[in-house]
Amino acid sequence: MKARTNLKEEIRFLMEDEEWKNKSRIYGEVVERWLCKNQSCPSCGRSSLHQLKINTPFTDLRCDACGAEFQVKASSKGFLNRRTGTFNKLPGASYLKSLEGLQETNRPDWILVEYCRENEEIKSALLIDHRHVTKESLVPRNPLSQNARRSGWQGCTWDFRNTPYARLI
């Protein structure tokens with residue numbers, strides 16, 4: 001399916017809404033909406049993806065037809081190293097929450113969407129099967145220092161360097 005890749009309309013709409021201030025969050029939301037309108041479910045092929053409530057743990061989209069769930073990551077920087085073709089490390093959230101998510105029996109597949117801020121368009125979308133999102137790909141960061149506002153909090157990064165993927169777009 002050849003989908004429209006332009007995001008301008010949705011971006012303008014969210015930027016007018018006073019609740020949406022952070023550009024990365026705006027683009028993340030817009031990419032999720034775009035996927036629901038333009039991407040069929042990678043698992044069953046039907047056009048039935050819908051967004052879940054904001055901050056639903058570990059999952060952003062679900063297919064109404066087959067129940068498949070997806071975690072969406074959006075970035076203007078891209079996910080693949082241009083020279084090697086392997087994944088760059090991806091920023092994660094809380095290390096402990098991410099570990100908890102890996103214990104879930106119904107883990108989502110990941111959709112990684114690269115967009116261009118200049119043209120406000122989707123450049124590519126990649127799919128990582130949930131079976132390749134493992135504890136080995138989760139890398140803890142050092143806890144925040146005692147002087148930090150969230151002292152002791154520990155984030156993580158995802159290292160998918162040797163992970164197979166499918167290209168959606």
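Is glutamate 114 buried or exposed? In this predicted model, glutamate 114 is buried, with a relative accessible area of 5%. The residue belongs to strand β5 and takes part in a salt bridge, as set out below.

The overall fold is described before the details. The chain holds three helices and nine strands. Along the sequence, these elements follow the pattern α-α-β-β-β-β-α-β-β-β-β-β. The radius of gyration is 16 Å, close to the 15 Å that the globule rule gives for 169 residues, so the chain is as compact as a globular protein of that length. The C-alpha trace spans about 45 × 35 × 35 Å along its principal axes. Of the 169 residues, 42% are buried. Among contacts with a separation of 6 or more, 57% join residues 24 or more positions apart. The accessible surface comes to about 10400 Å². Carbon and sulfur atoms contribute 44% of that surface.

Strand β3 pairs with both β2 and β5. Strand β3 covers residues 69–75 and is mostly covered, with five of its seven residues buried. On one side, β3 pairs with β2 (residues 61–63) in the antiparallel sense, over two bridges. Leucine 61 stands opposite phenylalanine 70 in this pairing. The two strands form a hairpin, with five residues between them. Glycine 67 lies in the turn and has a positive phi of about 85 degrees. The pairing of β3 with β5 (residues 109–116) is parallel and runs over six bridges. Here phenylalanine 70 has aspartate 109 as its bridge partner. Phenylalanine 70 thus has a partner in β5 as well as leucine 61 opposite. In a regular strand the side chains alternate between the two faces of the sheet.

Leucine 35 offers a view of the packing around a helix residue. It lies in helix α2, which spans residues 23–38. Leucine 35 is buried, with a relative accessible area of 0%. That value falls under the 20% cut-off, which means that the residue counts as buried. Beyond its neighbours within four places in sequence, leucine 35 contacts Leu49, Leu61, Val72, Ile111 and Val113. Leu61 is the residue that stands opposite phenylalanine 70. The C-alpha atoms of leucine 35 and glutamine 51 are 9.1 Å apart, with 16 residues of separation along the chain.

Another set of strands forms an open sheet. Its three strands have the order β4-β8-β7, with antiparallel pairing. Strands β4 (90–94) and β7 (138–140) stand at the edges, each with a single partner strand, so one side of each is left without a neighbour in the sheet. The twist averages 35 degrees from one strand to the next. Strand β8 (residues 155–158) pairs with β4 over three bridges. Within this pairing, glycine 155 in β8 is the bridge partner of serine 94. Helix α3 (residues 95–103) lies across β4, β7 and β8. The helix runs at about 95 degrees to β4.

Salt bridges were examined next. Side chains of opposite charge can pair when their charged atoms come close. The count comes to seven salt bridges. One of them joins arginine 82 and glutamate 114, at 2.8 Å from N to O. This pair links distant parts of the chain, 32 residues apart. Arginine 82 lies in the loop between β3 and β4, and glutamate 114 in strand β5. The partners differ in burial: arginine 82 counts as exposed at 62% relative accessibility, whereas glutamate 114 is buried at 5%. Arg82 and Glu114 also belong to a network of salt bridges with Lys123.

Glutamate 69 forms a salt bridge with arginine 62, with the closest N and O atoms 2.4 Å apart. Glutamate 69 is buried, at a relative accessible area of 11%. Arginine 62 is partly exposed, at 30%. A further salt bridge joins arginine 161 and aspartate 159, at 2.5 Å from N to O. Arginine 161 counts as partly exposed, with 46% relative accessibility. Aspartate 159 counts as buried, with 16%.

Key:
Residues are numbered from 1 along each chain as its sequence is written. This is a predicted model: local features need pLDDT of at least 70, side-chain atom pairs count only at pLDDT 80 or more; totals for chains, interfaces and linings use all residues. Side-chain values use heavy atoms; hydrogens and water are left out. Helices (H or I, at least four residues) and strands (E, at least two) are DSSP runs, numbered from the N terminus. Buried means under 20% relative accessible area, exposed over 50%, partly exposed in between (1.4 Å probe, protein chains only). Contact means heavy atoms within 4.5 Å. Two strands pair if DSSP finds at least two bridges between them. Axes are lines fitted to C-alpha atoms, for helices over the stretch in contact, and angles run from 0 to 180 degrees between N-to-C directions. The radius of gyration is taken over C-alpha atoms; the globule rule is 2.2 Å times the number of residues to the power 0.38. Accessible areas come from the Shrake-Rupley method with a 1.4 Å probe; for residues, only the protein chains shown count as cover. A salt bridge is a side-chain nitrogen of Lys or Arg within 4 Å of a carboxyl oxygen of Asp or Glu.
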